[in-house]
Amino acid sequence: MRQRQMIHNITTEEGFTFLELVVVILLLSILVTVASLHYSGLQEETTKDLVRIDLKVIQTALKSYHLENGDYPASLQILVDDGFLEDMPVDKFVSGTGSSYLYQKNASSFTLWSRGPNGVNDNGAGDDIQP
């Protein structure tokens, strides 16, 4: 009789079923996926904000150069060489070192832009970022 009572106690112990564990793991997986997608979207927006700040700094240096010299520089490197910028910020959307923002001098103005999240020069259009 004692053996029968032990078997009965073992088979009626409470715990989680396999299905309950699968459901919990599935829900946790969904939550992690949603959180990581939200995080990656925040990272891109933060990078865009940093790029806009860089472009504003370069734009200010270009305007200062223009006020002092009466013309815009032929290249962005001149801003560093002439002391208008301490160093040239790099485009945060382009992998590799030394990738500068894009600059084009026009007759009486300039165009300045970043390649944007896709890392491709769309000549200031598409997802390119301008100040």
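Read from the start of the sequence onward, this chain runs α-α-α-β-β. That makes three helices and two strands in total. Keep in mind that the model is predicted.

**Overall picture**

The chain has 131 residues, and 25% of them count as buried. Its exposed area comes to about 9,500 Å², with carbon and sulfur atoms supplying 58% of that. As for how the chain folds back on itself, take the contacts with a separation of 6 or more: residues 24 or more positions apart account for 43% of them.

**Aromatic pairs**

How many aromatic pairs does the structure hold? There are three. Two of them can be set side by side:

| Pair | Centre distance | Plane angle | Geometry |
|---|---|---|---|
| Tyr 65 and Phe 84 | 5.3 Å | 65° | edge-to-face |
| Tyr 72 and Phe 110 | 4.9 Å | 65° | edge-to-face |

Why edge-to-face for Tyr 65 and Phe 84? Their planes sit at 65°, and anything over 60 degrees falls in that class. The planes of Tyr 72 and Phe 110 are also at 65°, so this pair gets the edge-to-face label too.

Now for where these rings sit. Tyr 65 belongs to helix α2, which covers residues 18–69, while Phe 84 is in the loop between α3 (77–81) and β1 (102–105). The two residues are 19 apart in sequence, so their pairing ties those parts together. Is Tyr 65 buried or exposed? With a relative accessible area of 11%, Tyr 65 is buried.

Tyr 72 and Phe 110 link distant parts of the chain, being 38 residues apart. Tyr 72 lies in the loop between α2 and α3, and Phe 110 is in strand β2, residues 110–113. Both Tyr 72 and Phe 110 are buried. Which residues form an aromatic cluster with them? Tyr 103 joins Tyr 72 and Phe 110 in one cluster.

**A nonpolar patch on the surface**

Over on the outside, there is a nonpolar surface patch of about 570 Å². Its makers are Leu 19, Val 23, Leu 26, Leu 27, Ile 30 and Val 34. One of these, Leu 19, is found in helix α2, the helix that also carries Tyr 65. Is Leu 19 buried or exposed? Its relative accessibility is 60%, so Leu 19 counts as exposed. Helix α2 therefore holds both the buried Tyr 65 and the exposed Leu 19.

Key:
Residues are numbered from 1 along each chain as its sequence is written. This is a predicted model: local features need pLDDT of at least 70, side-chain atom pairs count only at pLDDT 80 or more; totals for chains, interfaces and linings use all residues. Side-chain values use heavy atoms; hydrogens and water are left out. Rings of Phe, Tyr and Trp (its six-membered ring) pair if their centres lie within 6.5 Å; planes under 30 degrees apart count as stacked, over 60 as edge-to-face and the rest as tilted. Helices (H or I, at least four residues) and strands (E, at least two) are DSSP runs, numbered from the N terminus. Buried means under 20% relative accessible area, exposed over 50%, partly exposed in between (1.4 Å probe, protein chains only). Contact means heavy atoms within 4.5 Å. Accessible areas come from the Shrake-Rupley method with a 1.4 Å probe; for residues, only the protein chains shown count as cover. Patches are made of residues with over 30% relative accessible area and no salt bridge: like charges are joined within 9 Å, nonpolar side chains (Val, Leu, Ile, Met, Phe, Trp, Tyr) within 5 Å. A salt bridge is a side-chain nitrogen of Lys or Arg within 4 Å of a carboxyl oxygen of Asp or Glu.
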